[in-house]
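Here are a few exercises to work through with the model open beside you. Try each task before reading its solution.

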Amino acid sequence: MVDVPGHGKVVVDIAYGGAFYALVSAEKFGLDICFAKTRDLVNAASAVTEAVKAQFKITHPDNEDLSFLYGTILTDGKDAYSEEPTTNICVFADEQVDRSPTGSGVTARIALQYHKGLLKLNQTRIFKSSATGSVFTGKAVRVSVTFVSYL
Ligand SMILES: O=C(O)[C@H]1NCC[C@@H]1O
């Protein structure tokens with residue numbers, strides 16, 4: 001749960017796909033991922049990024065250089081498996097909008113969907129960018145386990 005100024009307390013997921021992202025349905029901000037103005041989507045995503053950065057410490061188990069939140073991905077909320085594409089927009093770094101569905105972003109979405117039991121290994125999903133309509137496919141191929149010691 002993150003307290004997002006102007007939006008209140010919002011449940012977001014944090015997932016890693018080569019970079020850490022906050023992931024949340026655009027609907028939580030009253031926005032339709034396909035029809036909302038990009039500026040409004042960017043404002044909502046940036047508010048989430050800033051709130052998560054201020055309220056949570058992001059730690060990569062092996063690499064301190066990767067221990068930060070790279071951005072926020074607003075989605076259509078369609079995380080359960082479907083043959084239909086699921087749409088997202090990735091707002092990363094300094095409020096940049098990716099033209100594509102985002103390589104590291106869809107990897108994070110796949111890891112999260114697998115973690116939630118919504119996607120099986122080798123089950124391909126289609127990801128679409130709401131910014132341009134460009135499409136990626138992706139699947140989880142194996143589970144890797146990293147042990148973290150807090151001693
Ligand atoms: O697709 C990617 O993973 C890169 N493009 C924008 C965000 C990342 O840097």
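**Exercise 1. The surface patch**

Find which residues make the nonpolar surface patch of about 530 Å², and decide whether Phe147 is buried or exposed.

*Solution.* This is a predicted model, so keep that in mind as you go. Step one: the patch is made by Tyr114, Leu121, Val143, Val145 and Phe147. Step two: look for Phe147 in the segment after strand E9 (135-138). Step three: the relative accessible area of Phe147 is 76%. Exposed means over 50%, so Phe147 counts as exposed.

**Exercise 2. The ligand and its shell**

List the residues around the ligand, then work out which polar contacts the ligand has with Asp98, Gly103 and Ser104.

*Solution.* Start with the shell: Tyr21, Tyr70, Phe92, Asp98, Thr102, Gly103 and Ser104 surround the ligand. Sorted by type, these residues are three nonpolar, three polar and one charged. Next, take the contacts one at a time:

- Asp98 has a side-chain N or O atom 3.1 Å from a nitrogen atom of the ligand.
- Gly103 offers a polar backbone atom, 2.8 Å from an oxygen atom of the ligand.
- Ser104 places a polar side-chain atom 2.7 Å from an oxygen atom of the ligand.

Finally, consider cover: on its own the ligand has 260 Å² of accessible area, and the protein covers 68% of that.

**Exercise 3. Salt bridges across the sequence**

The structure holds four salt bridges. For Lys116, Arg39 and Asp79, name the partner and say where each pair sits.

*Solution.* Begin with Lys116, whose partner is Asp13, with the closest N and O atoms 2.7 Å apart. Lys116 is in the loop between helix H2 (103-115) and strand E8 (125-129), while Asp13 is in strand E3 (residues 13-16), so this pair ties together parts 103 residues apart in sequence. Both ends are partly exposed: Lys116 at 41% relative accessible area and Asp13 at 22%.

Move on to Arg39, which meets Glu95 in a salt bridge (3.4 Å, N to O). Because Arg39 lies in helix H1 (residues 38-55) and Glu95 in the loop between strand E6 (86-92) and strand E7 (96-97), the pair ties together parts 56 residues apart in sequence. Arg39 is partly exposed at 47%, and Glu95 is partly exposed at 38%.

End with Asp79, which pairs with Arg109, the closest N and O atoms being 2.9 Å apart. Here the link runs from the loop between strand E5 (69-75) and E6, home of Asp79, to helix H2, home of Arg109, 30 residues apart. Arg109 has a relative accessible area of 1%, so Arg109 is buried.

How values were computed
Residues numbered from 1 in each chain as written. Predicted model: local features only at pLDDT ≥ 70, side-chain atom pairs only at ≥ 80, totals over all residues. Heavy atoms only, no water. Patch = residues over 30% accessible without salt bridge, like charges linked within 9 Å, V, L, I, M, F, W, Y side chains within 5 Å. Areas by Shrake-Rupley, 256 points an atom, 1.4 Å probe, with all protein chains shown as cover. Salt bridge = Lys/Arg side-chain N within 4 Å of Asp/Glu carboxyl O. Helix = DSSP H or I, 4+ residues; strand = E, 2+ residues; numbered from the N terminus. Buried < 20%, exposed > 50% of the residue type's maximum accessible area, 1.4 Å probe, protein only. Near = heavy atom within 4 Å. Polar contact = N/O pair within 3.5 Å; in protein donor to acceptor, adjacent residues only side chain to side chain. Nonpolar A, V, L, I, M, F, W, Y, C, P; charged D, E, K, R; others polar.
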